[in-house]
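Colleague: Could you take me through the largest pocket in this protein, piece by piece? I'd like to know what sort of residues line it and where they come from.

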Amino acid sequence: MTPMAITHFRAPLSEGGPHDFYSNGDYWWPDPNKPDGLPYIQRDGQSNPGNFSAHRMELRDMRDAVAALAAAYAVSGGEEYARKAVALLHVFFLDPETRMNPSLLYAQAIPGRVSGRGIGIIDTLHLAEVAMAIIEIDTSEAMTADIRRDLKKWFVDYSEWMTTHKYGLDEMNAKNNHSVAYMVQLAAFATLTGDTQKLDLCRERYKKVFVPQQMAADGSFPQELRRTKPYGYSIFQLDNMAILCQLLSTPENDLWTFTLPDGRGIRKAVEFLYPYLLDKSKW
């Protein structure tokens, strides 16, 4: 298996360097009425197959490999799985020649309009699973003290960027699935790094923002229902809300059972969507 790294693919339209993650907004297309296609125009719900996606694919493939190897180590205890996972992590996050910078300044760029956007942070949602995989292989011989320290520092640095840069703050305060996906990342990274303050921030957002402000009385998510692909977006939102419950719940603070006085909570959200998961034709 060839180790994955974003430096293997140079993004021709990126304003960043080779270590900066780059992607284009999914639903933005060249303007057919302009000779150079700039600035791009939006077609909501229609993904542009010509957009640069190599960095997304490298990140996703790295996630798939590391998660599978960590699972194999957890089940079998085989050090060979942990060694391979650590080798992949080292190339993607630590090696000076190939590492990805712990920031997302150039994600979901729109050619001719913006070099990057806060909503691009959703592109690193895959890293939440990577953080949990690192925890799983922490007891392996391959996870040396230096590698453990440096991996945690990468996620500390990225979390700090997410919670201080304008792009991160914009995404944190989004009114739809983007803010929930943001908190899934932050919760996973804080679990890895032991950042109790950020974990408390995530719990507060779930209780005081996501359930009361994004969930309707019937358990649906109106902002997702307004999209051109409401079924898929509703599933995505519910999935991430459930992940937050799993990551953030403690015996003293169980989000699985948390409900507002009017009954809204994760159970209500599941009750709304469950019939349509059983039979999509009812949607």
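Modeller: Sure, let's start with what the walls are made of: the lining of the largest pocket splits into 14 nonpolar, ten polar and twelve charged residues. Keep in mind that you're looking at a predicted model. As for the space itself, the volume of this largest pocket is about 1,000 Å³. Its lining counts 36 residues, and the ones closest to the pocket's centre are Gln108, Ile122, Asp123, Leu125 and Phe236. Try clicking on those to get your bearings.

Now, which elements give two or more residues to that lining? They are α1 (54–76), α3 (127–136), α6 (177–193) and α9 (230–248). Of the elements, α9 hands over the largest share, with six residues.

Let's zoom out and put the pocket in its setting. The protein has ten helices and four strands, and from the N terminus on they come in the order β-β-β-α-α-β-α-α-α-α-α-α-α-α. The radius of gyration is 20 Å, close to the 19 Å that the globule rule gives for 283 residues, so the protein is as compact as a globular protein of that length. Along its principal axes, the C-alpha trace spans about 60 × 50 × 35 Å.

What about the inside and the outside? Buried residues make up 50% of the 283. The accessible surface comes to about 13,400 Å², and 53% of that belongs to carbon and sulfur atoms. Finally, take the contacts with a separation of 6 or more: 68% of them link residues 24 or more positions apart.

Terms used. Residues are numbered from 1 along each chain as its sequence is written. This is a predicted model: local features need pLDDT of at least 70, side-chain atom pairs count only at pLDDT 80 or more; totals for chains, interfaces and linings use all residues. Side-chain values use heavy atoms; hydrogens and water are left out. On a 1 Å grid over the protein atoms alone, a cavity is a set of points where a 1.4 Å probe fits but cannot get out, and a pocket is an open set with protein on both sides within 12 Å along at least five of seven lines; lining residues have an atom within 4 Å of a point. Grid points are joined across faces, edges and corners, and a volume is the space filled by probe spheres set on the points. Ala, Val, Leu, Ile, Met, Phe, Trp, Tyr, Cys and Pro count as nonpolar, Asp, Glu, Lys and Arg as charged, and the others, Gly among them, as polar. The radius of gyration is taken over C-alpha atoms; the globule rule is 2.2 Å times the number of residues to the power 0.38. Buried means under 20% relative accessible area, exposed over 50%, partly exposed in between (1.4 Å probe, protein chains only). Contact means heavy atoms within 4.5 Å. Accessible areas come from the Shrake-Rupley method with a 1.4 Å probe; for residues, only the protein chains shown count as cover.
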